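User: I am new to this structure and would like to learn how to read its features. Could you take me through them step by step?

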Amino acid sequence: SLANENVKRTTRNTSRTHDKKPKKNVEKKNGHTGAHGGISSTIVLLSDELQDFLKVESVTRTQAVKRVWEYIKLNNLQNPNDRREILCDSLMEPIFGKKVTMFTLNKILARNMYNQNDVIKPKPVEKRKRDLGREETTRRRTRRRTRSYSMS
């Protein structure tokens with residue numbers, strides 16, 4: 001009957017169990033584990049000014065923001081009249097300027113963080129034996145002289 005089929009379907013679907021193996025936290029090449037991805041675990045490189053301020057070369061984005069806020073609260077740099085505004089001291093001034101709001105703080109921090117894959121390492125420049133610019137102009141002059149014009 002129809003009632004028995006419905007019971008069979010529900011029991012059939014609910015009785016299935018999947019034995020999933022727990023994922024292992026394997027360290028990958030880029031420095032974060034495979035269990036959690038995304039913006040909170042990606043290590044970024046910092047600009048020179050931000051490196052001087054945070055005293056590290058690379059850190060995750062969330063840790064950089066957290067450290068900046070720890071410094072702000074530790075040194076009581078928020079404007080007492082408007083808590084959204086941060087009055088920068090001599091260490092923060094090269095990065096953020098005299099004062100900054102908490103909304104523009106994250107925008108400025110983002111400009112001072114770089115993904116490791118996006119940073120291009122400069123290749124060493126090889127010394128050239130001759131000046132290529134002079135060689136090109138010589139070739140052009142030679143071509144102009146050797147052209148033959150036909151009068152047809």
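**Reading the model**

Analyst: Start with one residue, N79, which lies in the loop between α3 and β3 (85-87). Keep in mind that this is a predicted model.

User: Is N79 buried or exposed?

Analyst: The idea is to compare relative accessible area with a cut-off, and buried means under 20%. N79 counts as buried because its relative accessibility is 14%.

User: Which residues is N79 in contact with, leaving aside its neighbours within four places in sequence?

Analyst: They are E85 and L87. With E85 there is also a polar contact between the side chains, at 2.7 Å.

User: The loop holds N76 too. What is there to read in its phi?

Analyst: The general idea comes before the case. Most residues other than glycine have a negative phi. N76 is not a glycine, yet its phi is positive, about 55°. This residue sits in the loop between α3 and β3, and it is exposed, with a relative accessible area of 59%.

User: Where is K55 found, and what is its phi?

Analyst: K55 is in the loop between α2 and β2. Its phi is near 65°, again a positive value in a residue other than glycine. K55 counts as exposed because its relative accessibility is 67%, and the cut-off for exposed is over 50%.

User: Let us turn to the strands. In what order do the three strands of the open sheet lie?

Analyst: To read a sheet, follow the order of its strands and then ask how they pair. Here the order is β2-β1-β5, and the pairing is antiparallel. β2 (58-60) and β5 (113-115) are the edge strands, each pairing on one side only. On average, neighbouring strands of this sheet are turned by 45° against each other, direction ignored.

User: How many bridges join β1 and β5?

Analyst: Three bridges, in the antiparallel sense. For a single residue, take V44, whose bridge partner in β5 is N115.

User: Which strands does α3 lie across?

Analyst: α3 lies across β1, β2 and β5, and runs at about 95° to β2.

User: Now the interior. Which residues touch the most other members of the largest nonpolar core?

Analyst: With a core, look at its members and at the elements that supply them. This core has 22 residues, and M92, F96 and L105 touch the most other members. At least two residues each come from β1 (43-46), α2 (48-54), α3 (61-74), α4 (93-96) and α5 (102-111). α3 gives the most, with five residues.

User: What does F96 touch, not counting residues up to four places away in sequence?

Analyst: F96 touches V68, C88, L105, I108 and L109. L105 is thus a residue to look at twice, as it is also among those touching the most other core members.

User: How many aromatic pairs does the structure hold?

Analyst: It holds one aromatic pair. To describe such a pair, give the distance between ring centres and the angle between the planes. F53 and Y71 form the pair, at 4.9 Å centre to centre and with 80° between the planes. The pair is edge-to-face because the angle is over 60 degrees.

User: Which helices hold F53 and Y71, and are the two residues buried or exposed?

Analyst: F53 is in helix α2 and Y71 in helix α3, 18 residues apart, and the pair links distant parts of the chain. Both residues are buried.

Methods
Residues numbered from 1 in each chain as written. Predicted model: local features only at pLDDT ≥ 70, side-chain atom pairs only at ≥ 80, totals over all residues. Heavy atoms only, no water. Core = buried A, V, L, I, M, F, W, Y, C linked by side-chain atoms within 4.5 Å. Buried < 20%, exposed > 50% of the residue type's maximum accessible area, 1.4 Å probe, protein only. Helix = DSSP H or I, 4+ residues; strand = E, 2+ residues; numbered from the N terminus. Contact = heavy atoms within 4.5 Å. Phe/Tyr/Trp six-rings, centres within 6.5 Å; stacked < 30°, edge-to-face > 60°. Polar contact = N/O pair within 3.5 Å; in protein donor to acceptor, adjacent residues only side chain to side chain. Pairing = 2+ DSSP bridges. Axes fitted to C-alpha atoms, helices over the stretch in contact; angles between N-to-C directions.
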